[in-house]
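Got your viewer ready? Load the model, switch on side chains, and take the stops in order.

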Amino acid sequence: MPAGRPRRRQAPPRHLADLDPAARRAAAEQLGQPRFRADQLSRHYFGRLTDDPGDMTDLPAGTRAELAGALLPRLLTAERELTCDEGTTRKTLWRALDGAYVESVLMRYPGRVTMCVSSQAGCGMACPFCATGQAGLTRNLSAAEIVAQVVAGARALADGEVPGGAGRISNVVFMGMGEPLANYAAVLAAVRRLADPVPDGLGISQRGITVSTVGLVPAIGRLAAERLSVRLAVSLHAPDDGLRDELVPVNRRWKVAEVLAAAWAYAASTGRRVSIEYALIRDVNDQPWRADALAALLAGQLAHVNLIPLNPTPGSRWTASRPADMREFEARLAGAGIPVTVRDTRGTQIDGACGQLAASSRPLTPAVPVGPAVPVGPAVPGGLAVPVTAGRAG
């Protein structure tokens, strides 16, 4: 099967979150219901964060189950959840209706909550240091399957299940499993559902949403033309084509210069700073000269570098850079005037990198509906640098 092409699977059922408000009302009419029933369902799902017909007391009792079944089908079930950082980092393994696995991570920090979500089951980009990339691509997720990950996190926060009291999601990063721009239509629809004001969507600011890519140049151009305010993150991982061809195979199609030119065009179109994601891999891409080369590429551009300590996958020859090498790499970028941070490594007790939990886990107990997930067994050892970009840093 050609890289990047999903295997054929049955498409998930239609869900309210796949549809814009007008299409939802049309769907309600098709079910023989007044158009405003769609607005009521939207308020329950996006405002009250429920898809349980029993909660929908403003709908006629005889229609609740039918409407919820038709427009709010349960798309994901929580197979496994691992927590760390005193419960403020929660990684969930989800099973879709066709058995496909995806992962999401909720991270609570002082003053903000970030959800890292998957856009595909697996990944077709084949980056050799990434658990998801090595597993291959199963299929694209629907917009509603992407949104369901965020709704589940929002529900857990609203219900006070995450230490720190009730809260709301402030940031969403498309840095979980999959290459977001290879599932362009669904990701764009999901972004709109996340950002549309309640009850049309979840009401998360577009400026709090980040879409990552390994560098699909035409899709970056399409995204720029949408005139959104989302941040673009480019998973670069090497400043030179020779190494990037190996680390990020899509570079054989679009070289570093083309990827960065598309990124700078996106920054010019949106006014948003581009994040350059760079996973530091010991003795592979962490040499001082590569830091200097990266600085030269980024000089004068609206960009910020996120250095990511690689989370190695079991049996992999790739591992994280030495602390001293990370510090020198960061110092050389900073010395050249390039804004740079080393990503916080949260969740050192769980399989945090994208795809690790899906690859190493199988259902240990019957699946439970989306909502408060059930912890299963002890946390699996393994570092976590989240959010990490599937097919790119994870």
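What follows is a short walk through a predicted model, one selection at a time.

**Stop 1: a threonine in a loop**

Start by selecting T50. You'll find T50 in the loop that runs between α2 (36-47) and α3 (61-71). Is T50 buried or exposed? Its relative accessible area is 10%, and the cut-off for buried is under 20%, so T50 counts as buried.

Now show the side chain of T50 and the backbone of D52. A polar atom of the T50 side chain sits 3.1 Å from the backbone nitrogen of D52. Next, ask what else touches this threonine. Not counting neighbours within four places in sequence, the contacts of T50 are H44, Y45, D55, M56 and R155.

**Stop 2: ring pairs**

Keep Y45 on screen, since it was one of the contacts of T50. How many aromatic pairs does a search of the whole structure find? The search turns up 3. One of them is Y45 with F46: the ring centres are 5.1 Å apart and the planes meet at 75 degrees, so this pair is edge-to-face. Y45 and F46 are both buried.

Now jump to Y278 and F329. Here the ring centres are 5.0 Å apart with the planes at 35 degrees, so the pair is tilted. Colour by secondary structure and you'll see Y278 in strand β10 (residues 274-280) and F329 in helix α11 (residues 323-335), so the pair ties together parts that are 51 residues apart in sequence. Y278 and F329 are both buried as well.

**Stop 3: arginines over rings**

Select R222 and Y184 together. R222 lies over the face of Y184, at 3.8 Å from the ring centre. Then try R317 with W318: R317 is over the face of W318, and the distance to the ring centre is 4.0 Å.

**Stop 4: a hairpin**

Finish with strand β1 (residues 76-84). How many of the 9 residues of β1 are buried? The count is 8, so call this strand mostly covered. Add strand β2 (residues 89-96), and you have the partner: β1 and β2 pair in the antiparallel sense over 8 bridges. To check the register by eye, pick T83, which stands opposite R90 in β2.

Last click: the turn itself. The hairpin of β1 and β2 has 4 residues between the strands, and D85 takes a positive phi near 50 degrees there.

Notes:
Residues are numbered from 1 along each chain as its sequence is written. This is a predicted model: local features need pLDDT of at least 70, side-chain atom pairs count only at pLDDT 80 or more; totals for chains, interfaces and linings use all residues. Side-chain values use heavy atoms; hydrogens and water are left out. Helices (H or I, at least four residues) and strands (E, at least two) are DSSP runs, numbered from the N terminus. Buried means under 20% relative accessible area, exposed over 50%, partly exposed in between (1.4 Å probe, protein chains only). A polar contact is a pair of N or O atoms within 3.5 Å; within protein, one must be able to donate a hydrogen and the other to accept it, and residues adjacent in sequence count only if both atoms are side-chain atoms. Contact means heavy atoms within 4.5 Å. Rings of Phe, Tyr and Trp (its six-membered ring) pair if their centres lie within 6.5 Å; planes under 30 degrees apart count as stacked, over 60 as edge-to-face and the rest as tilted. A charge sits over a ring if NZ of Lys or CZ of Arg is within 6 Å of the ring centre and within 35 degrees of the ring normal. Two strands pair if DSSP finds at least two bridges between them.
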